[in-house]
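Me: Please take a close look at one part of this model, the helix that contributes both to a surface patch and to a pocket lining. Describe what surrounds that part in one connected account.

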Amino acid sequence: MNALITLLFTFAILAFVLGFGYRIYDYARTPAPLLIPTTPAPTSRVGMLLRMLREVTLFESLFKANLWTWAASWAFHVSLALVLIRHLRYFTEPVWFWVVLAQPFGLYAGLLMVAGLAALWARRIFVERIRYISTPSDHLMLALLLSIASSGLFIKFLFNTDIIGVKRFCLGILHFDFQALPGDGLLYLHLSLVALLLLIFPFSKLLHAPGIFFSPSRNQVDNPREKRHLSAWAAKLEK
Amino acid sequence: MATITPPAYRIIPIIPVLNHGAMAKSMPYVASEKMQEAIGFPGKLAENWQETHDAVIAKMGELLGKYRSLKVYMDACVHCGACSDKCHYFIGTQDPKNMPVARQDLMRSVYRRYFTLAGKLFPQWVGARDLTREVLDEWFSYFNQCSECRRCSVFCPYGIDTAEITMAAKEILDSVGYGQKYSNEIIGKVHKIGNNLGLPGPALENTLEGLEEDVKEDTGIDVRFPLDVKGAEVLLITPSADFFAEPHIDSLIGYAKVFHASGVSWTLSSKASEAGNFGMFIGNYDQLRKIALRVREAALELGVKRIVVGECGHAWRVAYSFWNTLIGVGAGAKDPYAIQLQNQLDHRYKQPMHICEFTWDLIERGGLSFNKEANDKHIITFHDSCNVARASRMGDMAGGQFEIPRNIIKAVANNFVEMRDGTTREQTFCCGGGGGLLTDELLDLRIKGALPRMEALQQVADSHGVNFMATICAICKAQFTKVLPIYGFDRRVVGGVHQLVSNAIKLGDK
């Protein structure tokens with residue numbers, strides 16, 4: 001069982017890094033032949049970077065679209081970020097000081113994360129038009145994230161595990177010096193689900209994470225009159 | 001003709017309940033073999049479905065490699081539903097497939113099946129489906145119910161622009177011989193005759209002479225409408241509807257009066273007697289470029305120093321956002337092809353320039369004077385046209401495309417009222433006729449698509465007595481002229497910004 005989960009984790013991390021890396025390479029190499037920022041758009045590169053920053057940290061467009069969806073989704077993502085920061089303590093030795101500072105926030109974030117996910121799922125079930133556009137994988141993705149979050153909370157609040165042992169295991173994977181994982185069913189479940197999430201990341205709608213940075217309607221500067229923008233394949237037409 | 005009843009206004013603008021399949025039968029006429037072949041597409045679908053199937057998938061693969069927008073937008077959607085209540089066609093028809101995300105999914109489902117691992121392994125789980133004849137027909141129906149207005153892209157957290165996907169779908173359909181008659185017929189006319197409306201050179205010359213006589217009769221002043229004048233400073237590229245359609249022509253008279261008052265020499269071109277570029281609507285880069293090339297050739301032949309564009313929404317998008325890329329009208333080029341033209345142009349001025357930028361610049365410098373009372377019969381509101389609002393700019397500041405036309409209206413008229421927030425500026429609603437849908441067989445769709453704009457107009461008509469909706473787009477003008485009466489308004493409620501300029505401008509003895 002121990003060897004199995006080590007193998008699974010190593011494989012999942014590898015698949016995640018390679019798959020994710022390939023996607024970024026693939027998006028980056030695909031040309032954007034025409035300037036199509038959604039206007040009004042920033043007229044300078046700095047302005048564009050600020051627009052992108054607002055988009056990925058505040059979800060500006062979603063805020064304009066629907067306040068409820070924004071609230072649930074922003075709560076979920078911010079919580080997820082805090083929870084991930086909290087979990088860095090399993091991968092750093094000594095633990096970075098800002099990770100230490102973030103520990104209590106990460107804990108409350110775990111609860112908020114579950115609330116956010118539940119709200120997002122409720123929309124899929126109860127709002128007619130969101131139900132219409134939902135595929136089984138949309139539901140399964142929420143189920144997966146909820147299971148990861150709640151199994152983690154169970155371990156923290158009800159069925160404590162040997163976190164020193166967990167840390168030894170995690171550092172072991174990072175250094176290819178594989179260590180045993182404490183024998184704990186709930187922990188095995190939690191980690192297997194995380195491995196599954198890593199595995200499907202590069203093959204699923206989770207690609208919205210790298211995708212936003214490559215979205216021409218958001219990452220282009222509004223300067224078509226000042227600069228000539230020409231892709232390689234379009235330039236060939238002029239020969 | 002039977003009386004047409006528009007959809008009822010919503011009491012509160014709430015999200016409509018779904019009406020499945022409401023618009024499943026809506027589709028435009030299919031382009032004839034002759035029209036298709038005239039612009040380099042296969043005449044019709046192959047007899048053998050497998051052949052079409054393979055061609056569609058191959059074309060899709062090609063486009064995914066050529067357009068980052070398409071590739072990222074196919075992957076990034078999480079079905080959050082931010083866009084789901086934003087499309088005017090969804091609001092007007094209640095058909096769930098007119099929700100932007102559902103429209104995208106018509107293509108995304110096929111993308112997933114043929115281009116993603118998850119869709120190949122577990123199609124039902126991820127909403128992937130095989131490409132069948134029924135799917136292709138559904139594309140033809142619903143991608144011809146999108147006006148490429150980009151309203152959804154404002155609200156999408158990833159900036160997914162359904163217009164890009166609609167354009168790709170139309171490009172694929174054209175490439176397998178399943179084109180849309182209205183757009184493709186018009187593109188044929190541009191190449192053959194020089195403009196979308198098929199107005200030949202001599203007829204254009206006659207029309208312009210007639211206009212000179214009309215304006216002389218009206219004002220007593222010799223306002224010129226020059227055609228093909230070599231050495232003129234400004235080349236005006238304007239939609240051909242401006243030459244004879246109502247109310248478009250009143251704006252053309254307005255441009256001519258502004259040029260007259262400015263003292264700047266100008267000319268129209270019989271070769272490039274059309275600003276519109278339906279190559280964009282069908283998502284075909286070659287056509288987009290070929291149609292734009294007429295402007296480059298005309299500019300080089302006539303030796304003009306400046307290129308100004310008349311009131312037309314998608315034409316301004318093509319001119320502002322794409323001309324520098326397509327034909328080198330703009331600045332900053334380092335390659336010989338574009339430099340040839342850019343060296344000829346006068347870079348003290350923006351290239352290209354919108355007629356509203358031209359007029360507003362003169363107003364700001366005190367170069368024009370107005371008798372604002374001439375517009376007192378009008379209580380005016382402004383309809384932002386989608387391609388101007390969300391796909392281009394005017395002036396130096398982001399959002400200048402909203403301020404400059406409004407500033408002009410306020411400079412030439414006394415009564416201006418804004419429509420409700422959320423229906424103007426970047427959140428403006430499409431007129432319902434853009435994107436190559438301005439054709440009679442789609443009238444039902446056009447009427448329903450106009451609903452959100454008509455609601456907002458009705459509100460200011462009731463509260464402030466608004467009786468004139470100014471706009472700067474030939475398609476908006478034509479669409480509203482048709483649908484306003486169906487909603488109980490006078491057709492003359494719509495008109496151009498330069499129509500108002502024309503009413504108020506003092507020509508004096510300059």
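Reply: What follows deals with helix α7 of chain A, with a note on a buried lysine in chain B at the end.

The model is predicted. Helix α7 of chain A covers residues 136-157, and with α5 (97-126) of the same chain it is one of the elements giving two or more residues to a nonpolar surface patch. The patch has an area of about 680 Å² and is made by A:Tyr108, A:Leu111, A:Phe154, A:Phe157, A:Leu158 and A:Phe159. Among these, A:Tyr108 sits in helix α5 of chain A. A:Tyr108 counts as exposed because its relative accessible area is 60%, and exposed means over 50%.

Helix α7 of chain A also takes part in the second largest pocket, where it provides the largest share of the lining, six residues. That pocket holds about 610 Å³ of space. Its lining consists of 27 residues, and those nearest the centre are A:Ile200, A:Phe203, A:Ser204, B:Ala118 and B:Val126. At least two lining residues each come from α7 and α9 (185-200) of chain A and from α3 (68-76), α5 (100-115) and α6 (117-121) of chain B.

The lysine is B:Lys170, located in helix α9 of chain B, residues 162-175. B:Lys170 is classed as buried because its relative accessible area is 6%, and buried means under 20%. Apart from neighbours within four places in sequence, B:Lys170 contacts B:Phe143, B:Asn144, B:Cys146, B:Glu148, B:Phe281, B:Ile282 and B:Gly435.

Definitions and conventions:
Residues numbered from 1 in each chain as written. Chains lettered and ligands numbered in written order. Predicted model: local features only at pLDDT ≥ 70, side-chain atom pairs only at ≥ 80, totals over all residues. Heavy atoms only, no water. Patch = residues over 30% accessible without salt bridge, like charges linked within 9 Å, V, L, I, M, F, W, Y side chains within 5 Å. Areas by Shrake-Rupley, 256 points an atom, 1.4 Å probe, with all protein chains shown as cover. Salt bridge = Lys/Arg side-chain N within 4 Å of Asp/Glu carboxyl O. Helix = DSSP H or I, 4+ residues; strand = E, 2+ residues; numbered from the N terminus. Buried < 20%, exposed > 50% of the residue type's maximum accessible area, 1.4 Å probe, protein only. Contact = heavy atoms within 4.5 Å. 1 Å grid on protein atoms, 1.4 Å probe; cavity = no way out; pocket = protein on both sides within 12 Å on 5 of 7 lines; lining within 4 Å. Points joined across faces, edges and corners; volume = space filled by probe spheres on them.
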